[in-house]
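Here is a set of short exercises to work through with the model open beside you. Try each task before you read its solution.

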Amino acid sequence: MWGPLKITRMTESQLTPVSATHDTAAPDSPDGVEQEVRAAVHAGLPSAIADLAQLVRIPSVSWSAFDPANVRRSADAVAALLTETGVFDRVEVKQAPIPSRGDDGGAESLGQPAVLATRAARNGRPTVLLYAHHDVQPEGDAADWETPPFEPTVRGDRLYGRGAADDKAGVMSHVATVRALHEALGDDLDLGLAVFIEGEEEFGSRSFSNFLQQNSAALAADVIVVADSDNVDVDTPALTVSLRGNVTFRLTVSTLGHASHSGMYGGAAPDAMLAAARLLATLHDDDGAVAVEGLRSYTGAAEPPAFSEEELAEDAAFLPGVRSIGRGPILSRMWSQPTITVTGIDAPSVANASNTLLPSVSVRISSRVAPGQPAREAYEALERHLRAHAPFGAVIAIDDVDLGDPFLVDTAGWAASEAKRAMTDAWGAEAVETGIGGSIPFIADLVREFPEAQILVTGVEDPDTRAHSPNESLHLGVFKRAVLAEALLLTRLNARES
Ligand SMILES: [Zn+2]
């Protein structure tokens with residue numbers, strides 16, 4: 001394990017690597033090669049962290065209200081880092097069109113610049129696609145940051161800054177891995193590589209599917225490594241094997257042709273708020289578990305790590321006396337079961353409330369779909385339920401539907417077992433298969449475009465990373481172990497027939 005760093009400035013190279021080599025194996029033996037790779041990862045760490053800090057200085061926020069010149073600058077910086085590795089046949093900064101939504105007059109605009117670097121496989125070796133994104137979330141309220149968001153700062157063993165983890169550390173884990181492979185393997189690097197560093201993941205990956213289609217030959221790979229996820233903790237690596245999908249839509253419940261005086265007709269004429277409240281109450285049972293027939297849970301997952309009621313209450317800031325909802329192990333509720341949440345409501349505000357029976361109420365329903373169930377099927381189950389349970393003959397309308405499929409890794413594939421073995425060796429701790437309660441919709445695009453590829457979701461984050469929040473940070477020990485794991489994985493794939 002790597003002890004805490006005692007540096008205060010990124011320019012100081014006090015990140016002296018500990019020697020991990022036991023120089024016993026012959027240089028050409030598999031063990032000897034891995035020792036060289038380990039040594040190269042250690043030696044390359046200070047410059048990898050310094051380069052990461054330079055990337056963090058570029059405020060590459062991809063949201064439309066922010067200056068796109070910064071995203072362009074960050075793409076150019078990443079392209080330069082990849083070019084300097086000397087292993088790629090081609091490095092380009094590219095954009096793809098954003099699909100027209102129909103309400104924009106068909107005007108075509110381009111997505112944010114992405115970086116694509118490729119080299120062909122040799123001697124029958126597999127090709128690996130390495131994904132990360134170089135764009136970041138906005139800083140939010142600057143006053144909430146202990147140090148400026150775009151001024152990378154090391155405190156203790158963490159590097160603070162917007163994008164220090166999500167996902168510029170993912171970018172640098174790929175760059176550092178490629179550097180170490182090049183140094184340790186030299187001309188024996190036969191692996192095909194495609195590095196795809198997206199520029200608008202934090203803004204909905206709007207041009208992602210077009211980018212995949214336009215560059216499908218360059219991106220085609222046997223294995224795809226998506227370095228944009230989490231680990232169990234700073235000492236325990238995780239391979240993310242499932243992600244929930246999502247279904248969102250607007251539900252409008254209507255009972256009356258117009259508003260009426262609540263004193264006159266109240267008690268006999270059903271108002272839309274009553275109908276909506278009673279309808280929404282049918283979506284869960286008394287435990288707060290989802291009660292919609294046809295909305296399935298995923299039952300194939302390994303037993304999730306223990307996570308107590310107290311930990312949940314602490315992490316999610318339960319008020320005193322508040323209890324959890326649902327049934328079963330807490331992490332299985334968040335990873336393997338569906339959810340239904342009302343995330344918005346259109347009704348008169350309290351300040352504007354008058355004594356009327358509301359004719360119509362709209363709510364936004366946000367449902368997380370368990371791994372294994374297509375989002376379309378989950379949507380149909382929800383729609384069936386809502387229509388069947390509308391009280392008092394209320395009229396139900398649904399529109400503005402958005403669907404994102406869940407994701408499930410075939411953990412029996414050779415790539416997943418190689419990845420777990422590499423993580424275990426690099427971290428010195430058994431790799432854990434984890435789920436993520438959220439959704440990464442672009443993964444469904446990857447599966448659609450490259451159905452044969454084995455997809456590995458790895459990451460450089462840990463529970464204290466606070467991605468998207470003020471004081472985002474990267475644990476530098478996690479970064480080192482993540483780079484080493486990726487380098488060991490690719491070294492082993494470099495010796496494998498595709
Ligand atoms: Zn990310």
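## A glycine to begin with

Gly-170 is buried, with a relative accessible area of 0%; buried means under 20% relative accessible area, exposed over 50%, and partly exposed in between, with a 1.4 Å probe and protein chains only. This is a predicted model, in which local features need pLDDT of at least 70, side-chain atom pairs count only at pLDDT 80 or more, and totals for chains, interfaces and linings use all residues. Residues are numbered from 1 along each chain as its sequence is written, and side-chain values use heavy atoms, with hydrogens and water left out.

**Exercise 1.** Find the element that holds Gly-170, then list what Gly-170 touches.

*Solution.* Start with the element: Gly-170 has its place in helix H3. Helices (H or I, at least four residues) and strands (E, at least two) are DSSP runs, numbered from the N terminus. Next, look for contacts, meaning heavy atoms within 4.5 Å. Leaving aside residues up to four places away in sequence, Gly-170 touches Ala-132, Ala-165, Ala-227 and Val-460. Finally, try a distance: from Gly-170 to Gly-192 it is 19 Å, C-alpha to C-alpha, with their positions 22 residues apart in sequence.

**Exercise 2.** How far can you trust the model, judged by its pLDDT?

*Solution.* Recall that pLDDT is the predictor's confidence in each residue, from 0 to 100. The protein averages a pLDDT of 92, and 93% of the residues score at least 70. Then turn to residues 1-23, where the pLDDT is below 50. Beyond near neighbours in sequence, this stretch has 38 contacts in the model.

**Exercise 3.** Which protein atoms are donors of the zinc ion, and what is the geometry of the site?

*Solution.* Donors are N, O and S atoms within 2.8 Å of the metal (3.2 Å for Na, K and Ca); water is not among the atoms, so sites may look incomplete. On the protein side they are NE2 of His-133, OD of Asp-166 and, listed twice, OD of Asp-228, at 2.0 to 2.7 Å from the zinc ion. Now check the angles: they run from 52 to 144° among the four donor atoms, and the site is irregular. Four donors count as tetrahedral if all angles lie between 85 and 135 degrees; four count as square planar and six as octahedral if opposite donors are over 155 degrees apart and all others between 65 and 115; anything else is irregular. Along the chain, the donors follow the spacing H-x32-D-x61-D. His-133 belongs to strand E5 (residues 127-133), while Asp-166 sits 33 residues away in the loop between strand E7 (158-160) and helix H3 (168-185). His-133 and Asp-166 are both buried.

**Exercise 4.** Why is E5 described as largely enclosed, and which strands pair with E5?

*Solution.* Begin with burial: seven of the seven residues of E5 are buried, so the strand is largely enclosed by the rest of the structure. In a regular strand the side chains alternate between the two faces of the sheet. On one side of E5 are Thr-127, Leu-129, Tyr-131 and His-133, on the other Val-128, Leu-130 and Ala-132, and all are buried. For pairing, DSSP must find at least two bridges between two strands. E5 runs parallel to strand E8 (residues 192-198) over seven bridges, with Leu-129 bridging to Ala-194. E5 is also parallel to strand E9 (residues 223-230), over four bridges, and there Val-128 has Val-223 as its partner.

**Exercise 5.** Which aromatic rings pair with Tyr-131?

*Solution.* Rings of Phe, Tyr and Trp (its six-membered ring) pair if their centres lie within 6.5 Å; planes under 30 degrees apart count as stacked, over 60 as edge-to-face and the rest as tilted. The structure holds eight aromatic pairs. One of them joins Tyr-131 and Phe-208 edge-to-face, at 6.2 Å centre to centre and 70° between the planes. Tyr-131 lies in E5 and Phe-208 in helix H4 (residues 208-214), so this pair ties together parts that are 77 residues apart in sequence. With Phe-442, the ring centres of Tyr-131 are 4.6 Å apart and the planes at 40°, so that pair is tilted. Phe-442 lies in helix H12 (residues 441-449), 311 residues from Tyr-131. To finish, ring pairs link Tyr-131, Phe-196, Phe-208, Phe-211 and Phe-442 into a cluster.
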